[in-house]
Amino acid sequence: MSSAAHIADILVVSGDSPPPSELIAELWGSGYRVEVRPSLPDDTGPWDLTIDARGELPSDVLTEAHARFPPLPELRLSDVTADLAKGSATRPDGVVHLTRMEVRLLRFLAAHPHRPISQQELLLKVWGYREGTRSRTVATTMHRLRKKVEVHPSAPIHLRSVYGVGFSFVPSEEPVRHVASAPPPPLPDEGRVPAPRDRLVGREELLADVRQRWADTRLVTLWGPPGSGKTRLAYEIAHETPLPGGSALVDLSNASTRLHVVQAAARAIGASSPSDMSQTLRSRGGMLLVLDNCETVLESLAEPVSDWLDNAPELRVLATSRHPVRLRGEHLVTVPPLALPSGPTPSEVRASSAAQLFSIRARATGTELAPTPATAAEICRIVTLLDGLPLALELAAGRCHTLTLETLRQRLEHHLDALVSTERDRDPRHRALHAALDCSWSLLEPGQRRALGRLSTFAGGAHERAAVAVVADGEEQQARAWLDALARHGLLRRDEDPLLGEMRLSLLHVVRTYAAAKLDTPGAFPGSGPEGTEEARRAHQASVLADIGRWRSGGPDKALHLREMALETDNLSVALRRASARGDLDAAVTLLERLYEVALHVGPRGMEIELGEQLLPLTTHSPTHRLVVTSMLGSGYLELDQYEAAETHLRAALNDADHLGNTDRQMLMAERLSNLMLRQRRIAEAVEFYERALKTATPAHTFRLANMRSMLGHGACRAGKLPEGIAQMTEARDALVGHSAVLEHVAIGNLSEAQRVMGRPRAARQGAETLLRFAESIGHRYLQACGFGLLGRVCLDEGDAAAAHTLLEQSAEAHAALTNPYAEAEERGALAEALMRLGRLDDAETQLRKAMPLAAEVGQAGIETALGYKLAKVLATKGELEQSRLLLARPMPDDWLDTRLQALADRAEGLFLCGMDTRAHAVVREAEQAASTLKAPPNSPIHIRLQELRRRQRALPDR
C-alpha cells in the first residue's frame, strides 16, 4: 500500500486528528502539502490524495474528511464489541487486533446495513481499485474478519454471504438467524455424500484427528494403501461435519484432465458452468468438498483446488488418495490397516478392530462366529493374513456363508480369488480386491511395476540394501527411485529399524500376493513370466546368502547380527523352500544351518524341523548333505525335548560322520548324544558318549567339550554330588574363556544354580546377574530367559517374593515365546511358589495348571508330579481338600535328586494341610533319608526347608 493510502486510513478511520505538521513530517518529511478529495460521485469515498511539495495541509481538509466519515468508536455485534478507533475486538475469549483494512471493511458494511454489496463494489470503495479489477482480497479479508468478530465464523450472524451477490451486514438489534438471508440452493443428487449404511469400526482416533486438524487447515488428505477404507472414512467425516453450505462429493475415478476435474466438481455443487466454480463455492459460504480417488489426476487437480481454496475462504476440502496431493497447506492423515489381534485367544481377538469388522460383516451374511478358542485362533490367522485391510476383511467375511474359516484361510494364503463381492450395488472398484489393486497397478510406470514384482520374492520384508540388490539389476540409483515411488503410491511400507539404523521395506500380504502373480505373468512388464520369476528368486537367494556370510563374521557386532537374523527368519525359510524345490542342495543345506542357528538363539525353537524333514529325502544320494541335515534335525528335536526323534537322527548322523571320516561331526554328534543321555538321566551312556567325543576332539573342539563337561557337572549336582559337580563346572568355565562367550556364560549359569543349592546366595546372585547382563548385551533370548529364572529363584531363597515374581514371570513368558516347554514348566512352578508367598492363590493355581501339561508334553513325569504336589498345597490352602488329596496320592517317580527333594517337601506340606499328619510324617522321613545323600551344607535351601518341616512335625501330634 502506498504512503498516500496510509495517510487516508489515518484521516478517515482513526477518529483522531493529528497535527498536520507531525503527520506530514513522519510520512514524507517537512515541506509537503496533502489534499484529500472524494473520488466517487456519491462522496462515500475512498479519497484521492494529492501530495504537493512545500505546502501546508489546510485545516478544512481534516474537517471535511471527518464530516464524510464520522467516527464509529464502538460497534456491538452480539457477544463481540468492535472498537474501530482502537482497531480491536473484544470477544468472550479475549481481545483480538483488527487490521486497518478489516476496520475499513467493517466500517463500510456497517454504514450500509442490510444492503447486499458485491465484491466489485467493495474493491472500488474500500480498497480503491480501478473498475474491472479482479482480486481475491475481499473474500480473504472477510474470512479473517469473521474469525475475529463472529462467535461462530462458519455460521456468521452479522457478516453474511448473499448467494450470487456478495455480502451484507445485519446489525445486532435484529433477531439472530443462523442462516444466510438467501440460503444456498440444495446440492444436486450427483453431489450428495452417501449416508453410511453401517457402523464405522476402529477409526475413532482418525475421526478425532481430522476434527482437530480443521482448526489449522482447510485441506486434509486421507492417504493410504488400496483397500484401507479412505472413502468410507471420508463419508463418515462429511456426515459429522455440518456446514451451512453442506458437503458435496466429487468422484474423480473417471477423470483424467483438468477440465474433467472442474466439470465433475461443477456438477457436484450445482455450478452453472465450470467457470463459475469459484463464485459458486464462495457464495455457498462454509461447505465441505470431498474429492474422492484423487490419485489418477494429481497434476490436473493442483491448480483448480488451489484456486477454489483461495477464492472461497470458508471452503474445506477433504481428499482421498493413494498419493499425497502436495498442495500448500495440505495436512496428510495416514489411513492405516485396522489393528490386528495381539494373540489368538478369544479376548485378544475381540479387542482387535480388524477382527471386530470381520465378525460384524460375517454376521451380516447370516454367519454367527462362535466365540470358541478354535474359532478365535482361525479369525486371528485370517485377519493377520489380510493385514487388517478393511476392504479385504469385508470381502473375505462375505464368503463365510459358503466357506469354513479353515478353507477360507487356506485359499487366502496363496490366492486372492476368494476376495470377491456379490453385492450388486457395490462400487465396481470395490467388488474385488483385484480391482482395487489393478487401479494402483495402472498408475505405475514399467520400471516401478518390475520393482514391485521382484520385491514380492521377499517374505516378511527386507532391509533397503537387500531390496535394492534384488531390484537394481546393476542400476542402484534407478532402483532407489522406483522404491521411493512405490512408497509414495502407498504400496510399500518403509520403517526405520532403530537398532540397525537402516530402513526396512515390506509389502502387505495381499499386495505381495498380487505382485507375485504379476511377476509370473508374461507381458505384465518387461522381464515378467516364469523365467523372470526364477531370475528374481535366485537374486533373492543370493541376497540372503550374502547376509549369511556377513552374519558368520560375528565379531563385535554379534548383537546386531542376532537381531538381523531374527528379522530374516521368513526370508531364510522361503529361500530354503525354493532351493529345495529346484534341488540346489548346497544352498538349501547352508540355509538350513542358519535357520537352526536363528531358532537356537532367538527362537522360536523347532521352526527348522519341518523344512529339514522335507529336505532330507533329497539327500539320499549325497551322504555329505545328509549328514548336515540329520545333525540339524537331531539337534532341533533335542532342543524341543523330543528325545526319541532326536536320538534317531543323531545316531544316523554319527554313523554318516564315521563313514565319511568327518571328525568335526563325529565329535559334535557324540557331544549332543551325551547331552541327550544326560537329560534322560542315562548317566553311564552320557559319560560313554562324552569319552567318545574326547577321542575325536582336536584343539579346535576344546570349547565344545568343555561345554559338555559343564553339563555333566550340572547333572552331577542335580544328582546330589554337589562338590564334584561344582568342581567340574568351574574347570569347564575356565576352559571356555576366550573360546565361546555364549558357552562360557552357560557354564556360569549352571555353576550359579549349583551354588544356590549349596546355600551360597551371594555367589549365585553374582553369577545370575553376570549371565543376564551378557544375554541382554547380545540379544540372546534363551540365555536372557535363563538369567531371569536363576535370579528369580535366588530372590525366592532370600525371601523377596515380589522381586522373584517379576523375574520368574519374565522367564516363563520368554521360554514360552522360545517354544521351550521343559524350562517353561519349571519356571511356572517356581513362579507359583512366589505367588503363594504373596497370598495370590488363584494366580498360583493358574500357573500350575499351565505348567503340568507342558511337563507331560515333553515326558517329564517327575516334574509333572512335583507340580501336582505344589498344586495340591495351593488347593488345600484354599480349602479344596478332596482335589488336593487326589493329587497327593500320586507316587513320586525317580527323578533328579533336587527335584525329588523339593517335591517331597511340597507333598509333606500338602498332607499336613489336609490333616493327614501320619502320612506327612512318613513323607518327611523319606525326604530326610533322600537328603542324607545330598552333599550340601546345613544352610542350603533344601535343608532349611526340611528343618521347617521337622518343626511342624513336632508341633502337630498325629490326628
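**View 1. R409 and the residues it touches.** Leaving out residues up to four places away in sequence, R409 touches E378, R381, I382 and L385. This is a predicted model, so please read each view here as part of a prediction. R409 itself belongs to helix 16, which spans residues 405–412. Look at the side chain of R409 and you will find a polar contact with the side chain of E378, at 2.7 Å. Is R409 buried or exposed? Its relative accessible area is 15%, and since the cut-off for buried is under 20%, R409 counts as buried.

**View 2. An open sheet made of four strands.** Follow the strands across this sheet and you meet them in the order 3-4-5-6, with antiparallel pairing. Which strands stand at the edges? They are strand 3 (75–77) and strand 6 (94–97). Each of these has a single partner strand, so one of its sides has no neighbour in the sheet. From one strand to the next, the twist averages 20°. Helix 6 (residues 137–149) packs on the sheet, where it touches strand 3, strand 4, strand 5 and strand 6. The direction of helix 6 makes about 45° with that of strand 5. As background, strands of a sheet pair through backbone hydrogen bonds, in either a parallel or an antiparallel way.

**View 3. The hairpin of strand 3 and strand 4.** These two strands run antiparallel and are joined by three bridges. To find one pairing for yourself, start at L77, whose bridge partner in strand 4 is V80. Two residues lie between the strands of this hairpin. In the turn, S78 has a positive phi of about 55°.

**View 4. The hairpin of strand 4 and strand 5.** Strand 4 covers residues 80–83 and strand 5 covers residues 88–91; they pair in the antiparallel sense over three bridges. Which residue in strand 5 is the bridge partner of A82? That partner is A89. D83, in turn, stands opposite S88 in strand 5. Here four residues lie between the strands of the hairpin, and G87 in the turn has a positive phi of about 70°.

**View 5. The two faces of strand 4.** Both faces of this strand are covered. On one side sit V80 and A82, on the other T81 and D83, and all of them are buried.

**View 6. The largest nonpolar core and a second one.** The largest nonpolar core holds 66 residues, and L867, L901 and L949 touch the most other members. Which helix gives the most to this core? Helix 39 (residues 861–877) does, with nine residues. Zoom in on L949: setting aside its neighbours within four places in sequence, L949 is in contact with A905, A908, E909, F912 and V924. A second, separate core has 63 residues, including L338, L416, W441 and L452. In soluble globular proteins, nonpolar side chains tend to be buried together.

**View 7. Stepping back to the chain.** After the close-ups, here is the wider setting. The chain contains 43 helices and 17 strands. Of its 959 residues, 54% are buried. Among contacts with a separation of 6 or more, 63% are between residues 24 or more positions apart. The chain exposes about 41,600 Å², and carbon and sulfur atoms supply 52% of that area.

Technical notes
Residues are numbered from 1 along each chain as its sequence is written. This is a predicted model: local features need pLDDT of at least 70, side-chain atom pairs count only at pLDDT 80 or more; totals for chains, interfaces and linings use all residues. Side-chain values use heavy atoms; hydrogens and water are left out. Buried means under 20% relative accessible area, exposed over 50%, partly exposed in between (1.4 Å probe, protein chains only). A polar contact is a pair of N or O atoms within 3.5 Å; within protein, one must be able to donate a hydrogen and the other to accept it, and residues adjacent in sequence count only if both atoms are side-chain atoms. Contact means heavy atoms within 4.5 Å. Two strands pair if DSSP finds at least two bridges between them. Axes are lines fitted to C-alpha atoms, for helices over the stretch in contact, and angles run from 0 to 180 degrees between N-to-C directions. A nonpolar core is a set of buried Ala, Val, Leu, Ile, Met, Phe, Trp, Tyr and Cys residues joined through side-chain atoms within 4.5 Å. Accessible areas come from the Shrake-Rupley method with a 1.4 Å probe; for residues, only the protein chains shown count as cover.
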